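Here are a few exercises to work through with the model open beside you. Try each task before you read its solution.

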Amino acid sequence: MPPGRMKACMTQPPKTTLHLQGEEQRPLIVIDDFWPDPDALREDAASLRMAPIGPHYPGVRAEVPPRLAETMRRRIAPLLVEHFGLDPAPAVSEAYYSLVTTAPGDLAPIQRLPHFDGVERGRIAVLLFLGHGKQGGTAFYRQRSTAFETVDASRLDRFRAELEAGVQAHGMPEASYIAGDTALYERIAVQPARFNRALVYAGNTLHCAYLPPAVVLSSDPLAGRLTLNLFLFDD
């Protein structure tokens, strides 16, 4: 076994920390040293052809092998029962290696705002940081006019109406990654990126990537801000 691979396989046991964020006190789980061989994931991502998928993500993606995604789902399933009351754990909906490549000045309007993945209670997002060096993190937000930190079906119409009114009053944010509070949103938490750290949170949580200028954007998966994104949801 090559020395580099031996080092990768000798990671520490996972350490799990629960955070209850914001006024809504919604759970967010941080798992350090999540995967036993994170360098193998990096190598897998580097071997794939990554391309834009959908209008929201500011970069390129490649699909994660289904067996790998299912293994990760099973690994976190007990945490979803304990902290989210989801038993059984939702199925894998989508899974990607993701690499941020879009320069701040090229961001589309939708990419300059916090977002949520869906309004369903049983939708879960898992984000695994696979980059080295300064990687920023993930930030979580509250809509100022409604105080919503999550958006379910009962809140969706009001959320949209208030967002539209806010944009009309204040204009769209400038072309840059969100760095903190804005006229429309208040940042309630930042979970820093760390190599082989996983974040597990409800998909209807308002969130966005935290990408300060020190984060290097590269089209090389082994040099840039690489993550593995797992989305769980039962249709």
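**Exercise 1.** Decide whether Glu 24 is buried or exposed, then work out what surrounds this residue.

*Solution.* Keep in mind that this is a predicted model.
- Step 1: get the accessibility. Glu 24 comes out at 19% relative accessibility.
- Step 2: apply the cut-off. Buried means under 20%, so Glu 24 counts as buried.
- Step 3: place the residue. Glu 24 sits in the loop between β1 (15–21) and β2.
- Step 4: look for a side-chain partner. The side chains of Glu 24 and Arg 155 are joined by a polar contact of 2.8 Å.
- Step 5: list the neighbours. Leaving out residues up to four places away in sequence, Glu 24 touches Ala 147, Phe 148, Glu 149, Thr 150 and Arg 155.

**Exercise 2.** Find out how many cavities of 30 Å³ or more the whole structure holds, and describe the lining of the largest cavity.

*Solution.*
- Step 1: search. The whole structure gives 1 cavity of 30 Å³ or more.
- Step 2: size it. The volume of the largest cavity is about 60 Å³.
- Step 3: name the lining. Glu 24 is back here, along with Gln 21, Arg 26, Pro 27, Leu 28, Glu 149, Thr 150, Ile 188, Tyr 201 and Thr 205.
- Step 4: trace the lining to elements. Strand β2 (residues 26–32) has the largest share, 3 residues.
- Step 5: sort by class. You get 4 nonpolar, 3 polar and 3 charged residues.

**Exercise 3.** Now the pockets: which residues are closest to the centre of the largest pocket, and which residues line the second largest pocket?

*Solution.*
- Step 1: start with volume. The largest pocket has about 1000 Å³.
- Step 2: go to its centre. Among the 39 lining residues of the largest pocket, His 56, His 115, Phe 116, Asp 117 and His 207 are the closest to the centre.
- Step 3: see which elements contribute. At least two lining residues each come from β4 (92–100), β5 (124–129), β6 (137–143), α4 (156–170), β9 (207–210) and β10 (226–232). Helix α4 gives the most, with 4 residues.
- Step 4: sort the lining of the largest pocket. There are 24 nonpolar, 9 polar and 6 charged residues.
- Step 5: turn to the second largest pocket, with a volume of about 220 Å³. Its lining is made of Arg 26, Pro 27, Phe 84, Leu 86, Val 119, Arg 121, Thr 150, Asp 152, Ala 202, Asn 204 and Thr 205. By class, that is 5 nonpolar, 3 polar and 3 charged.

**Exercise 4.** Pick out the members of the largest nonpolar core that touch the most other members, and find the element that gives the most to this core.

*Solution.*
- Step 1: rank by contacts. Out of 34 residues in the largest nonpolar core, Leu 41, Met 72, Leu 80, Tyr 97, Val 200 and Leu 228 touch the most other members.
- Step 2: find the main contributor. Helix α3 gives the most to this core, with 8 residues.
- Step 3: zoom in on one member. Beyond four places in sequence, the contacts of Val 200 include Ile 76, Leu 80, Phe 84 and Ile 124.
- Step 4: check for another core. A second, separate core has 12 residues, among them Leu 113, Ala 139, Leu 156 and Leu 206.

Definitions and conventions
Residues numbered from 1 in each chain as written. Predicted model: local features only at pLDDT ≥ 70, side-chain atom pairs only at ≥ 80, totals over all residues. Heavy atoms only, no water. 1 Å grid on protein atoms, 1.4 Å probe; cavity = no way out; pocket = protein on both sides within 12 Å on 5 of 7 lines; lining within 4 Å. Points joined across faces, edges and corners; volume = space filled by probe spheres on them. Nonpolar A, V, L, I, M, F, W, Y, C, P; charged D, E, K, R; others polar. Buried < 20%, exposed > 50% of the residue type's maximum accessible area, 1.4 Å probe, protein only. Polar contact = N/O pair within 3.5 Å; in protein donor to acceptor, adjacent residues only side chain to side chain. Contact = heavy atoms within 4.5 Å. Core = buried A, V, L, I, M, F, W, Y, C linked by side-chain atoms within 4.5 Å.
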